[in-house]
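Open the model in your viewer and keep the sequence panel visible. The stops below are meant to be selected one after another.

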Amino acid sequence: SLGVCSLFHPEAGNLWGVFDLHTHSSCSLSLSDIEISQSCIPKPIDQVAKEVGLFPDEVELYGQTKAKIQLSVLKRLQNQPDGKYVVVTGITPTPLGEGKSTTTVGLVQALGAHLRQNVFACVRQPSQGPTFGIKGGAAGGGYCQVVPMEEFNLHLTGDIHAITAANNLVAAAIDARIFHELTQSDQALYNRLVPSVNGVRKFSDIQIRRLQKLGINKTDPMALTKEEVNAFVRLDIDPGTITWQRVLDTNDRFLRKITIGQSAQFDITVSSEIMAVLALADGLDDMKKRFGRMVVASSKKGIPVTADDLGVTGALAVLMKDAVKPNLMQTLEGTPVFVHAGPFANIAHGNSSVLADKIALKLVGKDGFVVTEAGFGADIGMEKFFNIKCRYSGLRPHVVVLVATVRALKMHGGGPAVTAGVPLPKEYTEENLQLVAKGCSNLTKQIQNARMFGVPVVVAVNAFKTDTKAELALVVQHAKEAGAFDAVECTHWAEGGKGALALARAVQRASQAPSNFKFLYNVELPVVDKIRLIAQQVYGARDIELLPEAQEKVALYTKQGFGNLPICMAKTHLSLSHDPEQKGAPTGFVLPIRDIRASVGAGFLYPLVGTMSTMPGLPTRPCFYDIDLDPVSGAVNGLF
C-alpha cells in the first residue's frame, strides 16, 4: 500500500516527493529484507533527482534506480546555506552489529516522509567481501532500506571496480620500475622515459613536477647533466619498504600471503588508500593531488617514493574520473540517499565521502538535514569522523545520534559471548535488568566521548522483539542521566519512518541546541602525544606503549615530514580497549602500539593497536548460498 506525499523544496522551487509505506508494520516479521525491498516500486531516479533540485545536465543515469551526480552542482549552489549535519554512530557493538545503517535510514524516512523536512542520507558503499561472506549487505534492514538493495549491495555503478583497477596499476608500476632500473643504464632509462618524437624530446607535466621535487629547474630535456639524469631516472626503490599491496574485492584468505613481484600480498579493495582518498577528496583536482602524494615505498636513502614519482597520477585520475561523482539512490519511503565511497573503519576512517555530504548539505537548504553514518562504535568511526573527516571537509556537525541496543548492553554487563551464526543465549532473550544496568557503563563512556567534541547527543535505543519495556526504559533513563540531550526508543526496523518519529523530533530539537564543536588534538602535536590523547581521552587507557617497530616509524615519518598528519587508530571495534574480550568501559590498561603506517595521500597515520585480526575469509556457509537469479524474470533472490 503506497501513498504519495510531497514537500516543497525552497531553493529549487519544486516538489520533493516521498513515499509513505502505510501498512508495512503488519507484515514486519514475515518478509525477508530482499522481499521487502522488491515489494516496493521505487520512483524513477530522474524523478528523485528533479525533486531534490538537481538539473538534468547534472545527472548521469545508470538505469532507472541509480544515477551519478556531476560535481558542478557544488559551484551552482555555492551561495546556498548548508543544512543541519547529523552523524549516526553507536556504542561498542556485538559482532552482529546494532543497527546504525537501519537507524540512519529510519531517521531520514521519519524526517522526510513523515515530518516533511528536506533530508538526505549519506552512506558508504559496501564491499563484496562482507556481502558474500558472513555479514551480508549494508543497505539497512526491515522497513528501513536503501533500494533496490541488490543494486546497492553489489556493483552499484562500478566505483569499487575502478578503485581495484587504479590500485593494481600502481602495484604494477612499482614492480615494473624496479625491473627496468635493474636492467637498464641511466641513458637507456632516460631515452625511454623522455623519448624523442620526430626529433624532439619533451617532458610531460608529471615529469616536470619530479624535476622540481629534485630541485632541478630545467624544462629542456637536452640540458640535464649526467648527475641530474641519474637522479631523474632512478627512484632506487628499497623492496623491503614497499607498503602498496594488490587488491581484490573478495574475502579470499589464500591471497593474503602470496608474494607477487615486489608487492607482498593482496588486500581487500576497500582497504586501498585510493578508497580513503576518494572519501576525503573535495573535488577532482584535490583527488588528483592526493593521488600524487600517496607514498608507496622509500628509496634506499630513505626518501619517500610517491605515485607522482612513478608517473602514474594522471592515469589514476582518469580511472577514477567517474567514481568521484556521488551515487544517487532512495530509501523504501522515497527519501534521497547518496551512496559514495566505503573506506574501512580500522585502517581508514570509515565514513562516506566528503563530496556527497557537501552536495547534500547544499541541496537540503538551511532548514534541512543531512544524516551520515560513521563505521563501528563511537570510539572509532565517530572519533575519526570528527578528527579526520571534519578536519579536512571544514564541515561542523550539529547532532550525534548514538545507537544502543539492550543486546549489546547485556554483553557489556557480563553476558555470554555473542557469535554470528549461533543462536543467542537465554540471557539475551529473557529480561535481565541487572545485566543491562551493568552494561550501561559502555553507553555512558560513549556519550561522554561524543560530548567531548562539544556536540549534543541523542541516544537511539534500537528495540528488538525480545526486549522488555522495563529494559528499554532503563536504557533511556540511564542515557539521560549520563548526559544525553535526549534518549528515545525506536521501532523503525518493523515500522519504517513511523518507528523513528520520536528520534526525528529529538534530533530536530537537538539541532537547535548550541553545538560547540572542537577537535580533540592539534595536528602539530608530536605523533606520540596525539596517539596518547586518543587512547586516554576516548578509550580510557592509562597510557600507551610503543613497540620497537612503532618507535622506528614515529622517527621515520617525523623525519620525512609526515608527523603533522591526523591519527587514524586501527583497533578492534569489539572493545574500547585493544582486547576484544574486555567489555563495558575498561580503565587502567596500557594500549600497545605495535606498528604505525602512513596513508599520506589520504592524509593520516594509522597506528596498529594490539593484535587486531584481519578481514576473515569466507565462512563455512557464506551468504552467497542464499543468493540466486531467477532465469525468467532476472530478479535477484535470496538474502543479503
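The tour starts with the whole chain and then moves through single elements and residues.

**Whole chain**

Keep in mind throughout that this is a predicted model. Show the chain as a cartoon: its secondary structure comes to 23 helices and 25 strands. Of its 640 residues, 60% count as buried. Among contacts with a separation of 6 or more, 73% are between residues 24 or more positions apart.

**Strand β5**

Select residues 84–90, which form strand β5. How many of its residues are buried? The count is 7 of 7. K84, V86, V88 and G90 sit on one side and Y85, V87 and T89 on the other, and both faces are covered. In a regular strand, side chains alternate between the two faces of the sheet.

Now add the strands that pair with β5. Strand β17, residues 369–373, runs parallel to β5 and is joined to it by 5 bridges. To find the pairing, select Y85 and its bridge partner in β17, V370. Strand β18, residues 399–404, is also parallel to β5, with 5 bridges between them. Here V88 has V401 as its bridge partner.

**T103 in helix α4**

Keep V401 displayed and select T103, which lies in helix α4, residues 100–114. V401 is one of the residues in contact with T103 beyond its neighbours within four places in sequence; the others are V403, A460, N462, H492 and L503. Is T103 buried or exposed? Its relative accessibility is 0%, so T103 counts as buried. Turn on the side chain of H492 as well: a polar contact of 3.1 Å joins it to the side chain of T103.

**R116, after α4**

Move along to R116, in the loop between α4 and β6 (119–123). R116 is not a glycine, yet its phi is positive, at about 60°. Its relative accessibility is 39%, so R116 counts as partly exposed.

**C144 and the cis peptide bond**

Select C144 next. This residue is buried, at 0% relative accessibility. Which cysteine has the sulfur closest to that of C144? It is C490, and because the two sulfurs are 9.5 Å apart, they are too far from each other for a bond. With a cut-off of 2.5 Å between cysteine sulfur atoms, the count of disulfides comes to 0. C440 can be selected too; its relative accessible area is 0%, and it is buried.

Then go to V147 and P148, which are joined by a cis peptide bond with omega at about -10°. P148 is in the loop between β8 (144–147) and α6 (149–153).

**N198**

Select N198, found in the loop between β9 (196–197) and β10 (200–201). N198 has a positive phi of about 55° although it is not a glycine. At 79% relative accessibility, N198 is exposed.

**R210 in helix α9**

Select R210 in helix α9, residues 205–213. With a relative accessible area of 9%, R210 is buried. Leaving out neighbours within four places in sequence, its contacts are A231, F232, R234, L235 and D309. Where does the side chain reach? It comes to 3.0 Å from the backbone oxygen of F232. For A231, 21 residues away along the chain, the C-alpha to C-alpha separation from R210 is 9.9 Å.

**Helix α22 and strand β21**

The last stop is helix α22, residues 527–539. Its 13 residues reach 17 Å from first C-alpha to last, close to the 18 Å expected at 1.5 Å a residue. Colour V527, K530, I531, I534, A535, V538 and Y539, which are buried. Look down the axis of α22: these buried residues fall within an arc of 135°, so they line one face of the helix. They pack against several elements, including α16 (378–393), α18 (433–451), β21 (543–546) and β22 (590–599). Just after the helix, G540 takes a positive phi of about 90°.

Finish on β21. I544 and L546 point to one face and are buried, whereas D543 and E545 point to the other and are not. β21 pairs with β22 in the parallel sense over 4 bridges, and I544 stands opposite L591 of β22.

Definitions and conventions
Residues numbered from 1 in each chain as written. Predicted model: local features only at pLDDT ≥ 70, side-chain atom pairs only at ≥ 80, totals over all residues. Heavy atoms only, no water. Helix = DSSP H or I, 4+ residues; strand = E, 2+ residues; numbered from the N terminus. Buried < 20%, exposed > 50% of the residue type's maximum accessible area, 1.4 Å probe, protein only. Polar contact = N/O pair within 3.5 Å; in protein donor to acceptor, adjacent residues only side chain to side chain. Contact = heavy atoms within 4.5 Å. Pairing = 2+ DSSP bridges. Expected span 1.5 Å × (residues − 1). Arc of directions from axis to C-beta.
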